[in-house]
Amino acid sequence: MKHVIKCSLVAAALGFVLAGCSNNIVSMDNNHQVNDLRDLDHDGVIEAREQCAKSAVGAEVDNNGCGSQSEYIVRRDLHINFANDSAVVEPQYQGQIAKLADFMKQYPASKVMIEGHTSKAGSNDYNMVLSQRRAENVATDLEHQFGISANRIKAIGYGYTHLLDTGMSEEANQKNRRIVASVSGLDRKINYKWNIYANS
């Protein structure tokens with residue numbers, strides 16, 4: 001269905017001049033709607049104009065859906081091998097955590113979530129505990145060895161609930177045995193995310 005609005009008729013009926021009015025035909029037919037009018041991240045900006053998807057709920061955003069500060073993904077692989085049934089971070093791997101600490105010192109407002117992940121080998125309960133211990137040990141080293149405040153660090157173990165590879169091969173197990181350090185609170189986009197891989 002199409003509607004035509006004429007300025008003269010509207011102005012006469014309402015008793016005032018309607019600025020910017022025209023005789024353009026506006027289509028109300030949904031079949032002709034080509035823009036995505038949904039707001040999937042509930043930030044008040046439609047998808048057709050969205051440039052920063054998945055905004056944090058309640059965050060202030062501009063007309064493109066972007067905030068002045070956003071949680072950006074940071075990607076870098078750090079390899080730490082743990083002994084069998086151990087969550088001890090051996091001294092030779094401290095340099096890997098030092099890189100993360102140095103990065104966080106460059107951005108004093110940043111925080112980090114240390115996420116522990118395991119392969120499917122072993123029971124769910126065992127892997128949950130193991131992944132939590134490893135995450136906590138990396139977090140402890142980050143604090144005590146490299147001076148990052150505890151209130152900037154959180155640790156959580158996911159066991160094998162977030163698998164990268166659902167296979168049971170050794171290659172799949174190696175992919176899944178990891179610690180991910182996800183840094184947030186950055187004031188600009190940086191393309192890094194830390195993945196610290198373990199042996200079991």
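**Charged side chains in a predicted model**

Modeller: K120 sits in the loop between β4 and α3, the latter spanning residues 124–144. Bear in mind that this is a predicted model.

Colleague: Is K120 buried or exposed, or in between?

Modeller: In between: K120 is partly exposed, with 28% relative accessibility.

Colleague: Which backbone oxygen does the K120 side chain reach?

Modeller: The backbone oxygen of T166, at 2.7 Å. T166 is also among the contacts of K120 beyond four places in sequence, and the others are Y160, L163, G167, M168 and N173.

Colleague: How far is K120 from R177, C-alpha to C-alpha?

Modeller: The two C-alpha atoms are 9.1 Å apart, while the residues are separated by 57 places along the chain.

Colleague: And R177 itself, buried or exposed?

Modeller: R177 is buried, at 8% relative accessible area. Its side chain forms a salt bridge with that of E170, with an N to O distance of 2.9 Å. E170, on the other side of that pair, is partly exposed at 42%.

Colleague: How many salt bridges are there in the whole structure?

Modeller: A search of the whole structure gives 2. One of them joins D165 and K175, whose closest N and O atoms are 3.7 Å apart. D165 lies in the loop between β5 (153–157) and α4 (170–176), and K175 lies in helix α4, 10 residues away in sequence.

Colleague: What about exposure for D165 and K175?

Modeller: D165 is partly exposed, with a relative accessible area of 23%. K175 is partly exposed too, at 37%.

Colleague: Next one along from R177. Where is R178?

Modeller: R178 is in strand β6, which covers residues 178–184.

Colleague: Which side chain of opposite charge is nearest to R178, and how far away is it?

Modeller: That is E115, 6.4 Å away. R178 is buried and has no salt bridge. The cut-off for a salt bridge is 4 Å between a side-chain nitrogen and a carboxyl oxygen, so the 6.4 Å separation from E115 does not qualify.

Colleague: What does the R178 side chain reach, then?

Modeller: The backbone oxygen of H162, at 2.7 Å.

Colleague: Back to E115. Which side chain makes a polar contact with the E115 side chain?

Modeller: The side chain of H117 does, at 3.4 Å. H117 belongs to strand β4, residues 111–117, and is buried at 5% relative accessibility.

Colleague: What else is H117 in contact with, leaving aside neighbours within four places?

Modeller: The list includes R177 and R178, the two arginines we just went through, and also H162. The remaining contacts are S131, Y158, G159, N176 and V180.

Colleague: Changing topic, what is the overall layout of helices and strands?

Modeller: There are 4 helices and 7 strands. Along the sequence they run β-α-β-β-α-β-α-β-α-β-β.

Colleague: How many residues are in the chain, and what share is buried?

Modeller: The chain has 200 residues, of which 33% are buried. The exposed area is about 12400 Å², with carbon and sulfur atoms supplying 50% of it.

Colleague: And what share of the contacts join residues at least 24 apart?

Modeller: 60%, counted among contacts between residues at least 6 apart in sequence.

Colleague: What is the average pLDDT?

Modeller: The chain averages 74, and 62% of the residues score at least 70.

Colleague: Where does pLDDT stay under 50?

Modeller: Over residues 1–28. For that stretch the model has 23 contacts beyond four places in sequence.

Terms used
Residues are numbered from 1 along each chain as its sequence is written. This is a predicted model: local features need pLDDT of at least 70, side-chain atom pairs count only at pLDDT 80 or more; totals for chains, interfaces and linings use all residues. Side-chain values use heavy atoms; hydrogens and water are left out. pLDDT is the predictor's confidence in each residue, from 0 to 100. Contact means heavy atoms within 4.5 Å. Helices (H or I, at least four residues) and strands (E, at least two) are DSSP runs, numbered from the N terminus. Buried means under 20% relative accessible area, exposed over 50%, partly exposed in between (1.4 Å probe, protein chains only). Lys and Arg count as positive and Asp and Glu as negative; His and the chain ends are not counted. A polar contact is a pair of N or O atoms within 3.5 Å; within protein, one must be able to donate a hydrogen and the other to accept it, and residues adjacent in sequence count only if both atoms are side-chain atoms. Accessible areas come from the Shrake-Rupley method with a 1.4 Å probe; for residues, only the protein chains shown count as cover.
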